[in-house]
Amino acid sequence: MASSLSNVIYCISLYSSFPGFVCQGICIVIAGYTNDWIVAVVCLTLAVGGGGLAFSGFFVNHLDIAAPFSGILMGFSNMVATLPGIASPLLTGAIVQNQV
């Protein structure tokens with residue numbers, strides 16, 4: 001019983017995450033190559049909606065790993081995921097400082 005339940009949870013997580021990420025990727029590529037602002041706005045809106053679908057499969061993983069500590073795990077994983085966003089502008093500034 002537990003094995004079939006874990007298979008169901010895995011499938012739900014996979015089938016809600018994968019289409020969301022594919023939708024985001026396709027919409028961002030289309031928005032990058034279009035010259036029409038309406039198409040760009042629609043694609044970016046669909047990409048954000050796809051992100052909601054993708055994250056619904058991602059956030060449940062913390063509950064699957066350790067339900068009592070899911071808040072701590074979510075905080076730690078968000079902290080680790082934010083570090084590249086903090087370091088990237090600093091690194092980019094250091095690399096291209098004399099290139100302008």
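Before I place any residue, let me say that a helix here is a DSSP run of H or I of at least four residues, with helices numbered from the N terminus. In that sense A54, to which I will come back, is found in helix α2. Please also keep in mind throughout that this is a predicted model.

Let me begin with the overall picture. The protein has 3 helices and 0 strands, and reading along the sequence we meet them in the pattern α-α-α. Of its 100 residues, 17% count as buried, and the accessible surface comes to about 7,500 Å², with 76% of that area belonging to carbon and sulfur atoms. As for how the chain contacts itself, if we take the contacts with a separation of 6 or more, 49% of them are accounted for by residues 24 or more positions apart.

Now to α2, which covers residues 37–65. Its 29 residues should span 42 Å at 1.5 Å a residue, and the end C-alpha atoms are indeed 42 Å apart, so the expected and the computed span agree. Along the way there is nevertheless a kink of about 30°, centred on F55. The buried residues of this helix are A40, C43, A47, G50, G51, A54, G57 and H62.

From that list I would like to pick out A54, and ask why A54 counts as buried. The cut-off for buried is under 20% relative accessible area, and A54 counts as buried because its relative accessibility is 0%. A54 also gives us a distance across the sequence, since V22 is 32 residues away along the chain, while the two C-alpha atoms are 9.0 Å apart in space.

Turning to α3, we have residues 70–95, that is, a helix of 26 residues that reaches 38 Å from its first C-alpha to its last, close to the 38 Å expected at 1.5 Å a residue. Here too there is a kink of about 30°, which lies at A87, shortly before the proline P89.

Where, then, does I86 lie, and is I86 buried or exposed? I86 lies in helix α3, and because its relative accessible area is 52%, where exposed means over 50%, I86 counts as exposed. I86 is also one of the residues that make a nonpolar surface patch of about 610 Å², together with F76, M79, V80, L83 and L90.

To close, I would set the two residues side by side: A54 in α2 is buried at 0% relative accessibility, whereas I86 in α3 is exposed at 52%.

Definitions and conventions. Residues are numbered from 1 along each chain as its sequence is written. This is a predicted model: local features need pLDDT of at least 70, side-chain atom pairs count only at pLDDT 80 or more; totals for chains, interfaces and linings use all residues. Side-chain values use heavy atoms; hydrogens and water are left out. Buried means under 20% relative accessible area, exposed over 50%, partly exposed in between (1.4 Å probe, protein chains only). Contact means heavy atoms within 4.5 Å. Accessible areas come from the Shrake-Rupley method with a 1.4 Å probe; for residues, only the protein chains shown count as cover. Patches are made of residues with over 30% relative accessible area and no salt bridge: like charges are joined within 9 Å, nonpolar side chains (Val, Leu, Ile, Met, Phe, Trp, Tyr) within 5 Å. A salt bridge is a side-chain nitrogen of Lys or Arg within 4 Å of a carboxyl oxygen of Asp or Glu. The expected span of a helix is 1.5 Å times one less than its number of residues. The bend at a residue is the angle between axes fitted to the seven residues ending there and the seven starting there.
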